[in-house]
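Subject: Structure handover

Dear colleague,

Here is the structure for your files. My notes on it follow below.

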Amino acid sequence: MRIDIITVLPELLKSPFEASILKRAIEANLVEVHFHNLRDYTSDNYKSVDDTQFGGGAGMVMMIEPIDKCISALKKERTYDEIIYMTPDGETLKQGIANQLSLKENIMILCGHYKGVDQRVRDHFITREISIGDYVLSGGELGAAVLCDAIIRLIPGVLGNETSALTDSFQDNLLAPPIYTKPRDYKGWKVPELLFSGNLPKIELWREEQAYLRTKERRPDLLDE
Ligand code: ADE
């Protein structure tokens with residue numbers, strides 16, 4: 001998979017890809033992530049990417065021309081499965097969206113800033129608009145990093161244990177059950193006995209029950225989906 005990210009703040013985006021699982025995935029050539037600075041596609045001396053809103057109103061709007069130049073240059077090189085715009089009014093990111101996107105070959109992500117982008121960008125270039133939650137960030141970069149992390153960890157070979165993404169919370173619309181490791185007894189706080197029984201079917205059943213109970217208590221909305 002290849003991910004191209006268009007941003008006015010590449011420095012805000014880079015560090016998540018230079019650590020941990022994302023770094024390993026890139027080093028193992030399981031994914032390529034490329035950053036494109038929108039200011040490199042401007043035509044004036046000030047490298048302007050934004051301007052005031054037609055019709056008046058507070059806040060600047062990202063102009064279509066540099067975005068068009070950047071997206072068009074990238075599209076000349078390859079075909080994109082999705083051109084995603086990160087925006088608080090997009091569809092809310094859910095595990096299912098990450099699952100779908102993890103199967104794609106080429107994804108482009110445009111990070112918004114200021115008030116957002118000229119509507120014509122959304123009408124003519126964008127194939128999907130994604131929000132990471134009902135709150136407003138100062139730009140799309142952190143949202144793009146969240147989206148990329150959710151996608152990349154699902155690519156086969158990225159997680160050490162191939163099955164572990166399948167048992168994550170939200171796969172199957174259930175939260176994950178409680179988990180424990182050594183010591184068995186810490187200050188009198190004990191691990192449930194059943195987990196030492198060696199009875200794998202019974203343990204599996206217990207985990208399913210716990211996942212259900214936790215979901216019912218914390219996120220009953222998931223059980224209706
Ligand atoms: N840009 C600003 N707020 C955002 C959000 N909640 N999700 C994605 N991109 C954003």
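Domain bounds here come from an automatic or database domain assignment. On that basis the protein chain is divided into domain 1 (2-152) and domain 2 (169-224). The centres of the two, taken over C-alpha atoms, are 37 Å apart.

Two points on how to read the rest. This is a predicted model, in which local features need pLDDT of at least 70 and side-chain atom pairs count only at pLDDT 80 or more, while totals for chains, interfaces and linings use all residues. Residues are numbered from 1 along each chain as its sequence is written, and side-chain values use heavy atoms, with hydrogens and water left out.

Ligand site

Where does the ligand sit? It sits in the second largest pocket. A pocket is an open set of points on a 1 Å grid over the protein atoms alone, where a 1.4 Å probe fits, with protein on both sides within 12 Å along at least five of seven lines. To sit there, a molecule must have more than half of its atoms within 2 Å of the grid points.

The elements that give two or more residues to the shell around the ligand are strand E5 (82-92) and strand E7 (128-131); strands are DSSP runs of E with at least two residues, helices runs of H or I with at least four, numbered from the N terminus. E5 gives the largest share, three residues. Residues around the ligand (a heavy atom within 4 Å of it) include Met86, Pro88, Ser131, Tyr135 and Gly140. By class the shell has seven nonpolar, five polar and no charged residues, where Ala, Val, Leu, Ile, Met, Phe, Trp, Tyr, Cys and Pro count as nonpolar, Asp, Glu, Lys and Arg as charged, and the others, Gly among them, as polar.

Polar backbone atoms lie at these distances from a nitrogen atom of the ligand:

- Ile132: 3.0 Å
- Gly133: 3.2 Å
- Thr87: 3.3 Å

Taken alone the ligand exposes 260 Å², and the protein buries 96% of that (Shrake-Rupley method, 1.4 Å probe).

Backbone

Most residues other than glycine have a negative phi, and most peptide bonds are trans. Ser20, not a glycine, has a positive phi of about 60°; Ser20 is in helix H2 (residues 20-27). Lys182 and Pro183 are joined by a cis peptide bond, with omega about 0°. Pro183 is in the loop between helix H6 (141-152) and strand E8 (185-186).

Regards

Notes
Polar contact = N/O pair within 3.5 Å; in protein donor to acceptor, adjacent residues only side chain to side chain. 1 Å grid on protein atoms, 1.4 Å probe; cavity = no way out; pocket = protein on both sides within 12 Å on 5 of 7 lines; lining within 4 Å.
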